[in-house]
Every structure is written in C-alpha cells, then in structure tokens.
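Hi,

Here is the structure I promised to pass on. Have a look at it first, then read my notes below.

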Amino acid sequence: MTDAETLLIEQARQNLDPKAVITDPKEIEPWVTDWRGRVHGAAPAMLAPASTDEVAHIVRLAAEHRVALVPQGGNTGMAAGATPPADGSALLLSMRRMNRIRSISSDNRLAVAEAGVVLANLHDAAHEIGMRFPLTLGARGSCTIGGLTSTNAGGTQVLRFGTMRSLVAGVEAVLPDGSVHNGLSGLKKDNRGYSIDQLLIGAEGTLGVVTAVALRLVPAIAARAVAWCGVENPERALSLLRYLEARTNSVEGFELVPQDSLDLVLRHVPNTRAPLTARHEWHVLIEATTTDPEADISAELERLLGAALQEEIIGDAVLAANEGQAEAFWKLRDSISEAERVEGQTLAHDISVPVSDMPAFIVEAAAKVESAFPGVVASGFGHLGDGNIHFHVRAASHAAPDWYSEEGANITRMVDDLVTAAGGSISAEHGIGQLKRDELARLAPPGRINALRAIKQALDPLGIMNPGKLVP
Ligand SMILES: Cc1cc2nc3c(=O)[nH]c(=O)nc-3n(C[C@H](O)[C@H](O)[C@H](O)COP(=O)(O)OP(=O)(O)OC[C@H]3O[C@@H](n4cnc5c(N)ncnc54)[C@H](O)[C@@H]3O)c2cc1C
C-alpha cells in the first residue's frame, strides 16, 4: 500500500461510516477478478459509500492524495472495466450500498434509482406500480443501474426500446473534482450546451462516479408470447424478423442461437432441454408482448409463425405453453456464456455491423477464422435485429493454457479487422474496459481517439477515475 493510499484510508475512516471502508482482504478478494475470471487485480481497500455525500467526500480525498478509484457495481461487465490494476495502485469504489429507489412514479413514468440498485429489483419495483423498466439481460440478478449506465448496456429488448442511452432521463454523478452534477430533474427539454448526462453514459467510470439515475418506465405488459424457431441460416432468421415486423409491432425480443451454442447449454446447464425435437443449424428465440389485456398475443404469434412456416422462412417453431416454458426458453439463451465457461477457453467478441450485412458476416467470418486457426470453433449468437452479435471463438480441446494470450490475441485481431472492414464496431454493447483498449487504439480513427483523450483530460486532469480503462 502506498503512503498516499494509507493516508486516504485513515482520513476516510475518520469521516465515514465504518461500513464504508473495507480493508479485510477476504472481503475484497471476490471483487478483484472480472466476471469471466480472466483478469486478476488487487486493491488495498474497498470503499463502499452509502450516499452521494460520501462518494463526493471519497472523490475529494482521492483528488487530494492523487489516488485512483475504480468504480464497481455488480462486477458483471464483460470488458474487465471494474477490475482494479494488479499492482494495487487503485482503490475499489463499490457502489452496492447505494441501493435505494429514491422515487418511482407511473404518472411521470420515471424512477430515480441509486447506482447500486440491482436491475431485477428495479424490475420488481416497477411491476408493483403497473409499470416496467424495459431493459433486461442475463445478469439482471447482479448488475446495477450504475454499471448499466456506465457501459450503456443493451440487452435483449433493444429492438424496441433502445440501449440505456435512450432509457436514461438524467444522471446524478460525482465528477473527478468532487463536485456533484445533478441531472435528475428528468426535463424533456434542456439545451444548456453539452449533455453531461450523455457524456457519463458509456463512460465506464472514467469521467466520474454515477450515484443515481432517472430512468424511463413504460406500461407493464399484459401478456407475452415466447417462441422458439428452427431456421436454416442467419439470412432466414433476418427474413423472419422483417416478415414479422411487417405484420405486427409486438415483437420486442429476437435472439439468434446457433445449434452449437444450444448443444453446449444442454450439456452443461442443469434442467435444460431442447425446445424442438429435430436439429436445426440455427434457432431464433422470439418474444412478443402486448399491454392490452384483451389482446391474444399467443394466437397472433402462432398465426404469424404458421404463415412463415408455410412460406418456408422457418423450418419449425414451438410456442411456450406457459410462463414456466417461456422462462425455460429464455434460460437456454441466457446460459450460453455460462455454458461456454464450463466447456473451456472461449474468446468473446461483442461486435456490430450494419443489420443487413450481419447474416453473411457471421457465416463468412466464422469460416475465415476456422480456416486460419484449425481446431477452433467460431460462431455468433445474440441480438441479430440490432446488428449486434456475440462472435465467440472456442479453443480446440487440446489448447494450451496460454491460448488466450497467444493464438487468442491473433484471432481477436483478425475478427476486429473483419469487423472494421465491414464498417462495424469492435464493441457493440459491452464497452472497451481494459480488454479492448489496445484494439480501440489500433483501429479507431485518430479523430475519435483524440476526442476521447481531450474529454478525459478536461474532466479528469489528475487521472484518478478508473485509469487504464477505455481511453487509449
Ligand atoms: C450473463 C451475462 C449476460 C450479459 N448480457 C449482457 C447483454 O445482453 N447486454 C449488455 O449490454 N451487457 C450484458 N452483460 C454485461 C453486463 O451485465 C453489463 O455490462 C452491465 O452493465 C454491468 O453492470 P455492473 O453493475 O455489473 O457493472 P460493473 O461490471 O461493476 O462495471 C462495469 C463498468 O462500469 C463502471 N461502473 C460501475 N458502476 C459505476 C458507477 N456507479 N459509476 C461509474 N462507473 C461505474 C465500472 O468501472 C466498469 O467500467 C452481461 C453480463 C453477464 C454476466
């Protein structure tokens, strides 16, 4: 521990609740490795404020002593953005004790949630007042509003509701000089220059600490219909989406799953079974919803899928018979990353290209990678309708333990080159963190890099907010 860190911790102890300063290594240890277990960090202390005032106090101490802070929510991020450096040169700033929903209103269609509120808890609170926060993803039981905002998370309902950027009405944050930016008023119109709120969304903790967020709510759904379809290829899957969209506006989830990913889930995740008896090369999980209690959404989706079957857009389809089955279908989709972790070494690439190019991209990029690196298995799954898939490459079973850093690095460069050549993004929804920073530096146009650096320097001249992340 450096002298500056020791001094900061002593002063924090004098001024904050004892629960806000944690130095027991056993309590810190579970939080210094990223969710995928690939990046291991260290931190001499974990600060856990319970209020915006406490966060401001901590940030002022950090600025005074030039000690870096790494904000952290649920630690479910996929780019190791919340993992502190391995040399112990930063303190963890856990936001999980700031977990109050300050207000929630169906009249205003707004909730103001503190940064540490877990997404599933916000879902429950909205449900209780007949409303809904329409962003969800597999980590909903652990990820937090602060983390979701700071990564501009997407998830499975982006098709209709957009990413966090379109669901955040305002942000309260402590800026690197310790001042508090309060954007929680939820004003529909506010043109006082640059939007600080929007700057903080997707900033991955590099421009300040998000302490609370005003979030847009929509009416709760009256019913949903969930279906699982077998399709020949991603091209057909996209045709199916367009076919449905032309006939209904009730589709809000549309996830592509290759047979290979489904096989992994069935092998490694207990209590899972294939929805369709026959094997299909590709599958699509569809969710359609309605807010109208009189509407029969299941009948509507069944009719449309029947017609799509007739037109040979899909090979087969089954509708979830009840909520339990609907959850079981979603579990298959949400468990892919977990199943891959059990299977072995997997490289994850969260990429986007223009939607219409994605079907060909998935197939062609997988073939190129598999041919260049014999033995690996490449495939893409996820949010096809957003032009965003998770392009994952699994190591051969005999791969050496250093596969990630050796062959893996070359594979990632190849995938990122293919994405860039296709006019896409090497990070669609997971952010840059520390895992993609070098690739951002290699591939982003100079104008983008210069702007990122200039903004960072202007707001955080001392470099105390999550150094080493996002900004090359
Ligand atoms: C099973 C699974 C499925 C997932 N599915 C999706 C998906 O479909 N779509 C998607 O977009 N993501 C997905 N993710 C990734 C992840 O859930 C999101 O990135 C989420 O937003 C991270 O929230 P968190 O609270 O865990 O943040 P953390 O992992 O703790 O932090 C993420 C980043 O935000 C910063 N940060 C956290 N809190 C604050 C704060 N209060 N102020 C400032 N900075 C902060 C951290 O420093 C870090 O840079 C998935 C993850 C898992 C494990």
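What follows is a short tour of one helix and then of the cavities.

Keep in mind that this is a predicted model.

Let's start with helix α12, which runs over residues 323-334. With 12 residues at 1.5 Å a residue, α12 should span 16 Å, and its end C-alpha atoms are indeed 16 Å apart, so the two agree. Which residues of α12 are buried? They are Ala326, Phe329, Trp330, Leu332 and Arg333. These five cover an arc of only 150° around the axis, so they sit on the same side of α12. The general idea is handy here: an α-helix has 3.6 residues a turn, so residues three or four places apart point the same way. At the start of α12, a side-chain oxygen of Asn322 comes to within 3.2 Å of the backbone nitrogen of Gly324.

Now for the empty space. How many cavities of 30 Å³ or more are there? The count is two.

The largest cavity holds about 50 Å³. Its lining includes Asp260, Glu340, Phe381 and Arg394. Strand β17 provides the largest share of that lining, with four residues. By class, the lining is evenly split: three nonpolar, three polar and three charged residues.

The second largest cavity has about 40 Å³ of space. Among the residues lining this one are Thr156, Leu159, Phe254 and His383. Here β13 gives the most, again four residues, and the lining has three nonpolar, five polar and three charged residues.

Have fun exploring!

Notes. Residues numbered from 1 in each chain as written. Predicted model: local features only at pLDDT ≥ 70, side-chain atom pairs only at ≥ 80, totals over all residues. Heavy atoms only, no water. Helix = DSSP H or I, 4+ residues; strand = E, 2+ residues; numbered from the N terminus. Expected span 1.5 Å × (residues − 1). Buried < 20%, exposed > 50% of the residue type's maximum accessible area, 1.4 Å probe, protein only. Arc of directions from axis to C-beta. Polar contact = N/O pair within 3.5 Å; in protein donor to acceptor, adjacent residues only side chain to side chain. 1 Å grid on protein atoms, 1.4 Å probe; cavity = no way out; pocket = protein on both sides within 12 Å on 5 of 7 lines; lining within 4 Å. Points joined across faces, edges and corners; volume = space filled by probe spheres on them. Nonpolar A, V, L, I, M, F, W, Y, C, P; charged D, E, K, R; others polar.
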